[in-house]
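Biologist: Could you put the model up, so that we can go through it together? I have a few questions about its empty spaces and its strands.

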Amino acid sequence: MKLTIWGAAKQVTGSMHLLEVDKYKILIDCGLDYERSTRVEDNEAFPFNPAQIDVVILTHAHIDHSGNLPTLIRMGFEGQILCTAPTADLAELLLLDSVNIFLGKQRKRSHRHSRGGSSGPRPLYLQKHVMETAEQFVTIAFNKPFRLNGDVEVELIPSGHLLGAASVIFTVSEFGQKRKIAFSGDLGRKNYPVIIDPQQLPAVDFLVCESTYGGRYHSRDETIEEVLIRTIEETCIKNPGRLIIPAFSIGRTQALVYTLNKIFSIGKLPPVKIFVDSPMANYATEIFRKHHDMLNEEATSFYKRNGDEFEFDNLYYVQSMKESKTISNYLEPCIIVSSAGMLEGGRIQDHLYHNIQNYYCTILFVGYSAKGTLGHRLLRGDPFVHLRDKELAVYATIKRTDNLSGHADHTDLINIIEAQDKKQLKNIFLVHGEPESMEVMKDQLEQDGYSVTIPEKGQTFII
């Protein structure tokens, strides 16, 4: 059995791992690498022949795990893509959005260079390739072993993090022996709104584990509900202001809406108008409703008592751009939840433009903002920001909370790994993290008696 790490090696994006059992080739995830290179040619340059891959196992829908699947198919892969039903639906939605992003970049570049005759960057794939990808999804349930061939069995278990997200467990029979290898996928947190808790991994011989939050810890002093109540009270109740929450459309927005529903439906705060301004979030919420039986126990119990988790009085889902623009004319205190989470594009920029100089506005960040993004510049305290070709002074109050981060932190990761039997677990391969995060985890795990490897991209292991 051979394992080759082809993505998310000493970085967070581009997850892609190849497991070979004799001549049977299994690809675990096929994500876009937008960290080291954004060039089409680099994401097309698979280090193996896509036509020779027998099956793909998709851990979850996020683009850094699913985003290069249409390219794989365009270049010859004809097998099944196994995942949970919510992952199939959310991945199709995100992949179609990627096409829009590719085409948007092409239009911008073409317009910029129209005088010189440049056509702009070629899209990595088109809508027809996404549709072909969707046709190759085969959905399987959690916790039900699925036989891939005579020697290999796969099982998906809940990993938290996102609706439908899974860790992948392979049981491989060779020479009369059975060995287990686990791929953690992205691991979530316990008690996250709407999403089920990550399930403990079974005892395995080898573990490929994410390390996104290695060496970092989530604050545990307040719940997200308590943070929202305090911030809404300060911004919208005691003062006639507006609260703007930049949030990713899939996962983060649904968690926010559900938490706001809990706050307002039982009268913890006086009514405040809430606008959810993100077309993709609206589509994603329908997928959450479709797979209602896969939400966590708290959310399903809330549904039985109160009805739809994602619908309540004073909540308004904005549809058209015209409706979005009218929000700036709404003069009463309100809450605006809009994408994108790092403020790079999306309708959120319109709301920022109209409110960044509003002393009565608070912008609450509930997720990570990468260096170089507008969100990062606001969080580090820049007094001016560039929007719509203008330099605008920042008078709005800027706040952040990590209570809605969808990733397990250092303590969570260590607890999941150290539940493994040291005698059985032969090696841990750390992926999907920055080098510093991996080193911190490696040091602690080795001190605790585990064997740990931080693979290079393209490194192969005989296991």
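Modeller: Before we start, a word on labels: helices and strands here are DSSP runs, numbered from the N terminus, with at least four residues for a helix and at least two for a strand. Please also keep in mind that this is a predicted model.

Biologist: Thanks. Which element gives the largest share of the lining of the second largest pocket?

Modeller: That is α13, which contributes 3 residues to the lining. The pocket itself holds about 640 Å³ of space, and the elements that give two or more residues to its lining are α6 (224-237), α7 (252-265) and α13 (410-417).

Biologist: And which residues lie nearest its centre?

Modeller: Of the 23 residues that line the second largest pocket, Arg189, Lys190, Asn191, Tyr192 and Arg220 lie nearest the centre. Sorted by class, the lining has 8 charged residues, 10 polar ones and 5 nonpolar ones.

Biologist: What about the closed spaces, how many cavities of 30 Å³ or more are there?

Modeller: The count comes to 3. The largest cavity has about 90 Å³ of space, and the second largest has about 50 Å³.

Biologist: What lines the largest cavity?

Modeller: Its lining is made of 14 residues, and those nearest the centre are His17, Asp29, His65, Gly185 and Val431. By class, 7 of the lining residues are polar, 4 are nonpolar and 3 are charged.

Biologist: And how many charged residues are in the lining of the second largest cavity?

Modeller: There are no charged residues in that lining, which divides into 7 nonpolar and 2 polar. The residues that line the second largest cavity include Phe142, Leu162, Leu163 and Met294, together with Gly160 and Gly164.

Biologist: You mentioned Val431 beside the largest cavity; which side of its strand is covered?

Modeller: Both faces of β20 are covered, with Asn427, Phe429 and Val431 buried on one side and Ile428 and Leu430 buried on the other. Put as a count, 5 of the 5 residues in β20 (residues 427-431) are buried.

Biologist: Which strands does β20 pair with?

Modeller: Strand β11 (residues 206-210) pairs with β20 in the parallel sense over 5 bridges, and Glu210 stands opposite Val431. Strand β21 (residues 452-453) also runs parallel to β20, joined to it by 2 bridges, and there Val452 is the bridge partner of Ile428.

Biologist: What kind of unit do β20 and β21 make with the helix α14?

Modeller: Together with α14 (residues 435-447), the two strands make a β-α-β unit that is right-handed.

Biologist: Switching to helix α5, which of its residues are buried?

Modeller: In α5 (residues 127-135), the buried residues are His129, Val130 and Thr133. They lie on the same side of α5, because they cover an arc of only 100° around the axis. On the other side of α5, Gln127, Lys128 and Glu135 are exposed.

Biologist: One last thing, is Glu92 buried, exposed or partly exposed?

Modeller: Glu92 has a relative accessible area of 26%, and since buried means under 20% and exposed means over 50%, Glu92 counts as partly exposed. Its place is in helix α4 (residues 85-112).

Biologist: And how far apart are Glu92 and Leu364?

Modeller: Glu92 and Leu364 are 29 Å apart in space, taken C-alpha to C-alpha, and 272 residues apart in sequence.

Technical notes:
Residues are numbered from 1 along each chain as its sequence is written. This is a predicted model: local features need pLDDT of at least 70, side-chain atom pairs count only at pLDDT 80 or more; totals for chains, interfaces and linings use all residues. Side-chain values use heavy atoms; hydrogens and water are left out. On a 1 Å grid over the protein atoms alone, a cavity is a set of points where a 1.4 Å probe fits but cannot get out, and a pocket is an open set with protein on both sides within 12 Å along at least five of seven lines; lining residues have an atom within 4 Å of a point. Grid points are joined across faces, edges and corners, and a volume is the space filled by probe spheres set on the points. Ala, Val, Leu, Ile, Met, Phe, Trp, Tyr, Cys and Pro count as nonpolar, Asp, Glu, Lys and Arg as charged, and the others, Gly among them, as polar. Buried means under 20% relative accessible area, exposed over 50%, partly exposed in between (1.4 Å probe, protein chains only). Two strands pair if DSSP finds at least two bridges between them. A crossover is right-handed if, with the strands pointing away from the viewer, the path from the first strand over the helix to the second runs clockwise. The arc is that of the directions from the helix axis to the C-beta atoms.
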